[in-house]
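Here are some notes for a colleague who is opening this structure for the first time. Please keep the sequence and the model side by side while reading them.

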Amino acid sequence: MMSRYFTEEHELFRKSFKDFLQKEVVPHIEKWENEGTIERFIWEKFGEMGYFGLYQPEKFGGMDLDLFYTTIFLEELQKINSGGFAAAMWAHAYLAMTHLKAEASDDLKEKYLSPAIEGSKIGCLCISEPFGGSDVAGMKTTAIKYGDHYILNGSKTFITNGVYADFYVVAAKTDPEKGNKGMSIFLVDKEFGGISANKLNKLGWRASDTAELAFDNVKVPAAYLMGEEGKGFNYIMQHFALERLIMGVNAHARAEYALEYAMGYMKEREAFGKSLDKFQALRHSVAEMASEIEMVKEFNYSIVQRLNDGEYVVKEASMSKLLATKIADDVIYKCLQLLGGYGYMEDYPMARMFRDSRLGPIGGGTSEILKEIIAKMVIDKKEYKPAAK
């Protein structure tokens, strides 16, 4: 699958990662899906292989590789049919750890980023709140300073890895009167106490633990503030481009996987004396789906390239997530239909794909919110700028 975006080294990495997933992950997927718990040993195996350090600085144990290694990591995780397992891995590596990489002090990086790269500590990012959803600026969680520490109070919801995490990257209002200009980011250790987690029961992503978290007078040392006080909203917005692009890449990869599976089924399955892939109506449906996937995949790769080159691609990343997740949902819906009754059976992979994919247009900013963000940029000519270094 060589292209202008992927070198021979990239493709060797793809092969080795694919082999690793088949050997170390796939045999456990059914158990993790059924139990809703991913055993900790797999985090350490990912760490040993360096998979959590692809985009991280060498100084703290990472490899500092270009973003196309991350793209391969995301694509192959979508092709083992567990959206929940994939989410647990990329939420750790690209939500929690992205903030650590960008905003944490060197001391915090030594204590948390290095173990996170090794897979010995699991992290999660805590932004969404029970009554806020995609409204980041409407956050209610507070962290009020008293001397050499902050007192953290509030709740977060839909937090991937929230039940089993060792540390939390938490957004909170340090100056509630200032709205989004009074928001800051903290690293909170599970050992601080005062933290409780309630595991949520989800339609899909069954293998991952998704939590509602409560912070009750959690004492956070002032040194655990990440970056500057009051800059939290800027930091969150800055990283949304990567998060949205990740979800766009995930979407094209799972759509591609679903279509490949459906085509394999159509080749084997016969009706009225011929295989399903010989019926014109079905063939044309496949042609349309393949075209949509290829178009959005090529767009996504071009945005990965621009982000890798240091461009601020918040508009294009928002477009990627909006369109790719919609296309993935449509493709998987049609692929399930191509399997007929078997598509509805849990013994076949399409039912899980269908449930897991539905999170795409919801998580990490709903499609409705993204449309308004894109409209502001396209119609109102609003410009979003990265946080000042």
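**Notes on selected helices and residues**

1. In this predicted model, a good place to begin is helix α7, whose buried residues are V286, M289, I293, V296, K297, N300, Y301, I303, V304 and L307. The elements that cover these buried residues include α3 (67–78), α6 (232–268) and α8 (314–338).

2. The length of α7 can be checked by simple arithmetic: at 1.5 Å a residue, its 29 residues (280–308) should span 42 Å, and because the end C-alpha atoms are 42 Å apart, the expectation and the model agree. Just after α7, the backbone at G310 takes a positive phi of about 95 degrees.

3. One of the buried residues of α7, N300, leads on to helix α8, where S320 has its place. The side chains of S320 and N300 make a polar contact with each other at 2.7 Å. S320 is itself counted as buried, because its relative accessible area is 0% and the cut-off for buried is under 20%.

4. Not counting residues up to four places away in sequence, S320 touches R244, L245, G248, F299, N300 and T325. A separate C-alpha to C-alpha comparison places S320 and M247 8.2 Å apart in space, although they are 73 residues apart in sequence.

5. Is Y344, which lies in the loop between α8 and α9 (350–357), buried or exposed? Y344 counts as exposed, because its relative accessibility is 68% and the cut-off for exposed is over 50%. Together with Y342 and M345, Y344 forms a nonpolar patch on the surface, and the three have about 360 Å² of accessible area together.

6. Helix α9 is largely enclosed by the rest of the structure, because seven of its eight residues are buried. These buried residues are M350, A351, R352, M353, R355, D356 and S357, and they pack against α1 (8–35), α4, α6 and α8.

7. Helix α4 (residues 83–103), one of the elements against which the buried residues of α9 pack, is where H99 is found. With a relative accessible area of 2%, H99 is buried. Which residues is H99 in contact with, once its neighbours within four places in sequence are left aside? The residues in contact with H99 are A104, L125, V169, I185, M226, Y235, I236 and H239.

Conventions: Residues are numbered from 1 along each chain as its sequence is written. This is a predicted model: local features need pLDDT of at least 70, side-chain atom pairs count only at pLDDT 80 or more; totals for chains, interfaces and linings use all residues. Side-chain values use heavy atoms; hydrogens and water are left out. Helices (H or I, at least four residues) and strands (E, at least two) are DSSP runs, numbered from the N terminus. The expected span of a helix is 1.5 Å times one less than its number of residues. Buried means under 20% relative accessible area, exposed over 50%, partly exposed in between (1.4 Å probe, protein chains only). Contact means heavy atoms within 4.5 Å. Patches are made of residues with over 30% relative accessible area and no salt bridge: like charges are joined within 9 Å, nonpolar side chains (Val, Leu, Ile, Met, Phe, Trp, Tyr) within 5 Å. Accessible areas come from the Shrake-Rupley method with a 1.4 Å probe; for residues, only the protein chains shown count as cover. A salt bridge is a side-chain nitrogen of Lys or Arg within 4 Å of a carboxyl oxygen of Asp or Glu. A polar contact is a pair of N or O atoms within 3.5 Å; within protein, one must be able to donate a hydrogen and the other to accept it, and residues adjacent in sequence count only if both atoms are side-chain atoms.
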